[in-house]
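Hi,

Here is the structure I promised to pass on. Have a look at it first, and then read my notes below.

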Amino acid sequence: MEKLSAIVPCYNEQDALPYFYKEICSVAESMPYVEFEIIFVNDGSTDRTLAIAKQFAEQDPRVKYVSFSRNFGKEAAIYAGLSYSKGDYAAIMDADLQDPPSLLPQMYDAITKEGYDSAATRRVTRKGEPPIRSFFARCFYKFMHKISKTEIVDGARDFRLMTRQFVNALLEMGEYNRFSKGLFGWVGFKTKWIEFENVERVAGETKWSFWKLLVYSIEGIVAFSTAPLALAAFTGVILCLAAFVMICFIIIRTLIFGDPTSGWPSMVCIIFLLGGLQLFSIGILGEYLAKTYLETKKRPLFICKETNIEDK
């Protein structure tokens, strides 16, 4: 019998875990032809998330847990879950049931019967999400589509079922700065997209603030495109040409009309504009340099404090 590993990153999900466990067990019962392995990855939670996962593990041998020494982030939790998984197939899903486990049978059929290497999900609606967040999310996907060669589908979720070959390809990329939505597209393989309407959290509150999403989007842009560097260089060239034209104009005007007194407000505005553009370009260079600096340290993506999984 083939095994399916369900990987569930958890950060302060004590309220949602009981609902998720009940739902995933129901789905497992509807798929008796597959052996299930449920891996809860505790990403440094400060509530009873780990205790609840341990409780499930005591009563259900299918349940495994991996607990970090601190909060390393969802990307590290995904990588840890994939590295500890032993299934022929691996699924990544959130504990808040915004990734409906009921889609797993359809995703499994897409791989085993239709010949796909992975089955991924995307939201066709953002019902229940703040309008400002939805607007910026759509802008991000449109922007990434234009500047990156890697396919990143609008509304794509991390909820995805993959073959072991697909998982191994992801694990080979041990980079410290990870953006899973981009990595999924970068490794290639044949993927079937399954659409579903947005589902609100079953319990608890989202851990993704607008600021965290903004930082995460910047990491995605830096990780999968060098367009910002080209933009900074292009802006510099345009400004140099503009400055050259202005110098020629000032020289000609001075020779013909003399040197009239010019106002300082316009000069201050120009200085602020050029200074701002310079700092903006330096900031772009700094982002890429910072990512390179972090990669060269070769620090581990996560530190496992305890787990009930033997022989990783």
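**What turned up**

Let me start with empty space: the count comes to one cavity of 30 Å³ or more. Keep in mind as you read that this is a predicted model.

That largest cavity holds about 50 Å³ of space. If you want to find it on screen, pick out Glu 75, Ile 78, Tyr 79, Leu 82, Leu 170, Arg 178, Ser 180, Leu 183 and Phe 184, which line it. Two elements give two or more residues to that lining, namely α3 (74–84) and α7 (180–186). Helix α3 supplies the largest share, with four residues.

Now to the sheet. It is an open one built from eight strands, and going across it you meet them in the order β7-β5-β6-β4-β1-β2-β3-β8, with mixed pairing. At the edges stand β7 (191–196) and β8 (304–307); each has a single partner strand, so one side of each is left without a neighbour in the sheet. From one strand to the next, the twist averages 20°.

As a reminder, strands of a sheet pair through backbone hydrogen bonds, either parallel or antiparallel. One pairing you can check for yourself is β1 (residues 2–10) with β4 (residues 89–92): these two run parallel and are joined by four bridges. Within β1 and β4, look for Ala 6, which stands opposite Ala 91 in β4.

A helix also packs against this part of the fold: α6 (residues 164–172) lies across β4, β5, β6 (156–163) and β7. Its direction is at about 115° to β6.

Last, a residue to zoom in on. Ser 118 is found in strand β5 (residues 118–123). Is Ser 118 buried or exposed? Its relative accessibility is 0%, and because buried means under 20%, Ser 118 counts as buried.

What does its side chain meet in there? There is a polar contact between the side chains of Ser 118 and Thr 191 at 2.7 Å, and another between the side chains of Ser 118 and Arg 160 at 3.4 Å. Leaving aside neighbours within four places in sequence, Ser 118 is also in contact with other residues, including Ile 111, Leu 161, Met 162, Phe 166, Lys 190 and Lys 192.

Shout if anything in here is unclear.

Cheers

Notes:
Residues are numbered from 1 along each chain as its sequence is written. This is a predicted model: local features need pLDDT of at least 70, side-chain atom pairs count only at pLDDT 80 or more; totals for chains, interfaces and linings use all residues. Side-chain values use heavy atoms; hydrogens and water are left out. Buried means under 20% relative accessible area, exposed over 50%, partly exposed in between (1.4 Å probe, protein chains only). A polar contact is a pair of N or O atoms within 3.5 Å; within protein, one must be able to donate a hydrogen and the other to accept it, and residues adjacent in sequence count only if both atoms are side-chain atoms. Contact means heavy atoms within 4.5 Å. Two strands pair if DSSP finds at least two bridges between them. Axes are lines fitted to C-alpha atoms, for helices over the stretch in contact, and angles run from 0 to 180 degrees between N-to-C directions. On a 1 Å grid over the protein atoms alone, a cavity is a set of points where a 1.4 Å probe fits but cannot get out, and a pocket is an open set with protein on both sides within 12 Å along at least five of seven lines; lining residues have an atom within 4 Å of a point. Grid points are joined across faces, edges and corners, and a volume is the space filled by probe spheres set on the points.
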